[in-house]
Amino acid sequence: MSFRDRLAQDRVVLAPGVYDAFTASLAAAAGFEALYLSGAAIAYTRLGRPDIGLVSVSEVADTIALVRDRVPTPLVVDADTGYGNALNVQRTVRMFERAGATALQFEDQSFPKRCGHLTDKAVIPAGEMAGKIKAAVDARASEDTLIVARTDAVAVEGVPAALDRARLYVEAGADVLFVEAPKSREQLAAIATDLGGIRPLLANMVEGGQTPISSASELGELGYRLVIFPGGIVRALARQAQDYYASLAQHGTTQPFRDRMFDFNALNDLIGTPEMLALGETYKDFGPAKREDAA
């Protein structure tokens, strides 16, 4: 089943945030149907910087390729503003689609952009963004590659204007709609009521952000079909890492922290080291006898 067909079903898809092949492999092993490659999470972990438009198109493309080499799970990719104008958007679509993205999310912020749950955002004209969505649709090689249109207009122009923008983006060819950072459950419900019958809707859950946290099932009941928790994994690991480094600095050993860690062998089991080594053995000494066996 294609991801497009899955989103058309009357069941919500929960996509956790990932930022590299390691977190993607853990999330896929947990059984999620889709993953969300978060631009913010890449900025946090790869650059050690905030989500303010610092991550480049090539850094994201490289990350997509590494994730796709590790897991086959559908991958929704945060493509920010498309890294420029409509022509830049088209190049981004081609790069990310070749690298293995299943869906590409573009937003209507002006540059430099910032995390959707930060204040003082600005948006480009709706017509300009509609042109970028049309450019993205025209550039994709496969109709199975979905274009997600995100609007940040709620914080800038209000909910009614954000809804108008979303409808315009549908006219430009958007496959999924993402109205970012509604400030209440009432706004979440109003967005779903207005747009839910037009295209599948995405809801973004950010711990401590502008939108109250709801479960995937609760959002599914409202009419959302794709729910992401994009940066939760980084916030969880950051807390754990901070405690780990503090313990090591205090004790000079990892021993007090051992019950909160995988040991060497357990981590190797987790990432599949024994299986990979065994696979490598099957390719050793591919001489005449083994060629005959293969034939």
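Which residues form a nonpolar patch on the surface? In this predicted model, the patch is made up of Phe22, Leu26, Phe262, Leu267, Leu270 and Ile271, which together have about 490 Å² of accessible area. At least two residues of the patch are supplied by each of two helices, H2 (21-29) and H12 (264-271), and the largest share, three residues, comes from H12. Phe262, by contrast, is found in the loop between helix H11 (232-251) and H12. With a relative accessible area of 54%, Phe262 counts as exposed, because the term applies over 50%.

Helix H2 also contains residues that are withdrawn from the surface, for Thr23, Ala24, Ser25 and Ala27 are buried. The cover over these buried residues includes strand S1 (13-18), strand S2 (35-37), helix H4 (57-70) and H11. Helix H11 is thus named twice in this description, as part of the cover over the buried residues of H2 and as the helix that precedes the loop holding Phe262.

The two ends of H2 can be described as well. At the N-terminal end, Asp20 acts as a cap, with a side-chain oxygen that lies 3.2 Å from the backbone nitrogen of Phe22, a residue that also belongs to the nonpolar patch. After H2 comes Gly31, whose phi is positive, near 100°.

As to the overall arrangement, the domain assignment of the protein chain gives domain 1 (3-231) and domain 2 (238-282), and the centres of these domains, taken over C-alpha atoms, are separated by 32 Å.

Notes:
Residues are numbered from 1 along each chain as its sequence is written. This is a predicted model: local features need pLDDT of at least 70, side-chain atom pairs count only at pLDDT 80 or more; totals for chains, interfaces and linings use all residues. Side-chain values use heavy atoms; hydrogens and water are left out. Domain bounds come from an automatic or database domain assignment. Patches are made of residues with over 30% relative accessible area and no salt bridge: like charges are joined within 9 Å, nonpolar side chains (Val, Leu, Ile, Met, Phe, Trp, Tyr) within 5 Å. Accessible areas come from the Shrake-Rupley method with a 1.4 Å probe; for residues, only the protein chains shown count as cover. A salt bridge is a side-chain nitrogen of Lys or Arg within 4 Å of a carboxyl oxygen of Asp or Glu. Helices (H or I, at least four residues) and strands (E, at least two) are DSSP runs, numbered from the N terminus. Buried means under 20% relative accessible area, exposed over 50%, partly exposed in between (1.4 Å probe, protein chains only). Contact means heavy atoms within 4.5 Å. A polar contact is a pair of N or O atoms within 3.5 Å; within protein, one must be able to donate a hydrogen and the other to accept it, and residues adjacent in sequence count only if both atoms are side-chain atoms.
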